[in-house]
Amino acid sequence: MLRKALQSSFSANQRKAVELAQGRLKEREPVAVIDLGSNSVRQVIYEGQTRSPAVLFNEKILCGLGEGLHLSGRLNEIAVERAIRALGRFRQLQHQTGVGDVHILATAAAREAENGPQFIARVEELMGYPVEVLTGAMEAHYAALGIHAGFHRPSGIVGDLGGGSLELVNVNAKKGSGITLPLGGLRLREMAGESLSKAAKIARKAFAESPVTWADSRRTFYAVGGTWRSLGRLHLSYYDHPLPAVHEYEVPADRMLRFCSKVAARQLSDIRGIEAVSKNRRELLPYGAAVMGEVIKAYQPETVAISSLGVREGFLYSRLTEDERAKDSLLTAARDLSILRARAPEHCVELAEWTGQAFAELGIEESEDDRRHRMASCFLADIGWRSHPDFRARQALEVIANAGFVGISHEGRAYLAIAAYHRYQGLSQKAGEPEVAVLASETSKRRARILAAFFRVLYLLSASTPGVLPMIGFRKSGPSDGELLIPAELADLVGERPEERVRQLGNEIGLTLKMVVEN
């Protein structure tokens, strides 16, 4: 009724504008993945099955299906009813959001419990879709694929800590080579009689017998699962990290070990920043810290990297074609955001190509990540255009800090943030720099500033119009001189404002730079 009333009050042109609104990428059909875990039951509805799927809706209930499983051998009956009720809600949400495909995965508790088959049968009858009960090896495999979905060229060992089990696998190992250990938070607490010291001993013994090893010299441990995400979030808050994104938050292993000892030994209420962790996650946090501490002692990683992606995303990744898997997750997500927010997404592509040529002309050698960060910055360079000019820099920073980008380190995000900030805020000392700049090296800062200086010139000349940038040239005409080449048909674009920006650009790149109209 409300929708009809609203539509009747719109003109035909207004209705057409609403239908064309780009809040979502409309060619994509939503897909839902339900995870029946030992501690939580969660549904994530993704905008579509792509290389970098955006989350359309996400909801979980910590019902504790595996509570008491170690002693009784059965799923908790109260938890079962809570799960069934939640799944009924999830089904309705699927209908409302137009989900085209549903996948239901069950893990340790459901596969091990005596009454697991009965629970699975109820779920399948209610939802109308089959449930895939994952073996421990399949959980490990999908967790590893989740790391491939979320990190650029990962190498190391993956640990997926759930409520009932811990899966371990080398991220590049063959399918089926992972192992599962009974070290999930709920189960470990029961096995240890709620003694953290005993829990640590149980974990220590399990790791001593583990066959999982490092495959090469890169020793990164990828931490997957809600409890370890909460541990990472607490670490972020405790140390006042300037970037709130928990995904790809990397901590030196020795530092994480000291922090885990602190979490396992003290009352959580006494730890600064505990408010960053939801209350329903805090109960198992000390057990997650104890297991993480033993992981670090046993495997001696150099770095611990927290992942927001895991089995669900790994499952979706497994269903992609090889061509889709080969795409860059960061550039895919940045390009999608460009389509949704930029005035002309094709102009952003031209900007990436143009600046690549300009960097080469300047002799700026880019690593693979440098190139990816520059290209992503170009795709995101116009996302703040609708805001008032006074707030564009801050809005762009907030988007970059909080967007669901994957495949980018925190230093990489800092590069994106610096480029976006100076593109809008300017390059003078008065403009300062964003807080996240402390995460970037001096080299990254300099390159991001140079990129922003190019943005400030090129947007002034093109007004974000596709087809203009390919007509403009740039060359280094001498050891300390450079020229921005303007074709004769665009000569009227030359003026005081662009010339001022060109001088600023010259200061950034260390050249005396001028605009030259070509006849």
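How many bridges join β7 to strand β8? In this predicted model, strand β8, which covers residues 179-181, is joined to β7 by three bridges, and the two strands run antiparallel. Within this pairing, Leu168 stands opposite Ile179, a residue of β8.

Strand β7 itself comprises residues 166-170, and it also pairs with strand β6, which is made up of residues 156-161. The pairing of β6 with β7 is antiparallel as well and extends over five bridges, and the two strands form a hairpin in which four residues lie between them. One of the matched positions in this hairpin involves Asp160, whose bridge partner in β7 is Glu167.

The surroundings of β7 can be described residue by residue. Five of the five residues of this strand are buried, so β7 is largely enclosed by the rest of the structure. In a regular strand, the side chains alternate between the two faces of the sheet. For β7, both faces are covered, with Leu166, Leu168 and Asn170 buried on one side and Glu167 and Val169 buried on the other. Leu168, the residue that stands opposite Ile179, therefore belongs to a strand that is largely enclosed, and Glu167, the bridge partner of Asp160, is buried too.

A further part of the model concerns the packing of two helices. Two packed helices are described by the angle between their axes and by the distance between the axes. For helix α18, formed by residues 368-380, and helix α20, formed by residues 410-425, the axes come within 9 Å and cross at roughly 40°. Because of this angle, α18 is oblique to α20, and the crossing of the two helices is right-handed. On the side of α18, the contact is made by Asp370, His373, Arg374, Ala376, Ser377 and Leu380, which meet Gly412, Tyr415, Leu416 and Ala419 in α20. Sorted by class, the residues of this contact are five nonpolar, three polar and two charged.

Finally, Gly473 was examined as a single position, and this residue lies in strand β12, which covers residues 473-478. Its relative accessibility is 19%, and because buried means under 20%, Gly473 counts as buried. When residues up to four places away in sequence are not counted, Gly473 touches Trp354, Glu483, Leu484 and Leu485. Along the chain, Gly473 and Val516 are 43 residues apart, while their C-alpha atoms are separated by 9.6 Å.

Key
Residues numbered from 1 in each chain as written. Predicted model: local features only at pLDDT ≥ 70, side-chain atom pairs only at ≥ 80, totals over all residues. Heavy atoms only, no water. Axes fitted to C-alpha atoms, helices over the stretch in contact; angles between N-to-C directions. Parallel < 35°, antiparallel > 145°, perpendicular 65-115°, else oblique. Left-handed = near helix turned anticlockwise from the far one by under 90°. Contact = heavy atoms within 4.5 Å. Nonpolar A, V, L, I, M, F, W, Y, C, P; charged D, E, K, R; others polar. Buried < 20%, exposed > 50% of the residue type's maximum accessible area, 1.4 Å probe, protein only. Pairing = 2+ DSSP bridges.
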